[in-house]
Amino acid sequence: MATTSVGKSQHAVSPDKDLIGFDEAMERLSREERFRATVYAMNTLLVQKGIYSPEEFEFQFRQFAQKNLR
């Protein structure tokens, strides 16, 4: 799997704490946890960059749930 290096997010953690390394996280998390981390990271970035708002995300989430719970 190819990865791209990125800087630390200013919003992630306090400056005095280091984040776990990407390779270590991939190794230690289960498949489901890696998927959840990916979704979390993508949604966080999209909201922070103003691509969509938390309210728009919630609406789309609810719409998906309604369609799939029928």
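Me: What makes a group of residues a nonpolar patch in this predicted model?

Reply: Nonpolar side chains, Met, Leu and Ile among them, are joined into a patch within 5 Å, provided that each residue has over 30% relative accessible area and no salt bridge. Met42, Leu46 and Ile51 form such a patch on the surface, and together they have about 290 Å² of accessible area.

Me: Why is Ile51 called exposed?

Reply: The cut-off for exposed is over 50% relative accessible area. Ile51 has 56% relative accessibility, so Ile51 counts as exposed.

Me: Where does Ile51 lie with respect to helix H2 and helix H3?

Reply: Ile51 is in the loop between helix H2 (31–48) and helix H3 (54–68). The protein chain has 3 helices and 0 strands, and its pattern along the sequence is α-α-α.

Me: What makes the aromatic pair of Tyr52 and Phe57 stacked?

Reply: The structure holds 2 aromatic pairs. In the pair of Tyr52 and Phe57, the rings are 6.2 Å apart centre to centre, with 15 degrees between the planes. Centres within 6.5 Å make a pair, and planes under 30 degrees apart count as stacked, so both conditions lead to that name.

Me: Why is the pair of Phe57 and Phe61 called tilted?

Reply: Phe57 and Phe61 are 6.1 Å apart centre to centre, and their planes stand at 40 degrees. Stacked needs under 30 degrees and edge-to-face needs over 60, so an angle that meets neither condition is tilted. Phe57 and Phe61 are 4 residues apart in helix H3, which means that about one helical turn separates them.

Me: Which residues form the one aromatic cluster?

Reply: The cluster is formed by Tyr52, Phe57 and Phe61.

Me: How do you know whether Tyr52, Phe57 and Phe61 are buried, partly exposed or exposed?

Reply: Buried means under 20% relative accessible area, and exposed means over 50%. Tyr52 has 19% relative accessibility, so Tyr52 counts as buried. Phe57 has a relative accessible area of 33% and is therefore partly exposed. Phe61 has 54%, so Phe61 is exposed.

Me: What percentage of the 70 residues in the protein chain is buried, and which atoms supply 56% of the exposed area?

Reply: Buried residues make up 4% of the 70 residues. The protein chain exposes about 7,000 Å², of which carbon and sulfur atoms supply 56%.

Definitions and conventions. Residues are numbered from 1 along each chain as its sequence is written. This is a predicted model: local features need pLDDT of at least 70, side-chain atom pairs count only at pLDDT 80 or more; totals for chains, interfaces and linings use all residues. Side-chain values use heavy atoms; hydrogens and water are left out. Patches are made of residues with over 30% relative accessible area and no salt bridge: like charges are joined within 9 Å, nonpolar side chains (Val, Leu, Ile, Met, Phe, Trp, Tyr) within 5 Å. Accessible areas come from the Shrake-Rupley method with a 1.4 Å probe; for residues, only the protein chains shown count as cover. A salt bridge is a side-chain nitrogen of Lys or Arg within 4 Å of a carboxyl oxygen of Asp or Glu. Helices (H or I, at least four residues) and strands (E, at least two) are DSSP runs, numbered from the N terminus. Buried means under 20% relative accessible area, exposed over 50%, partly exposed in between (1.4 Å probe, protein chains only). Rings of Phe, Tyr and Trp (its six-membered ring) pair if their centres lie within 6.5 Å; planes under 30 degrees apart count as stacked, over 60 as edge-to-face and the rest as tilted.
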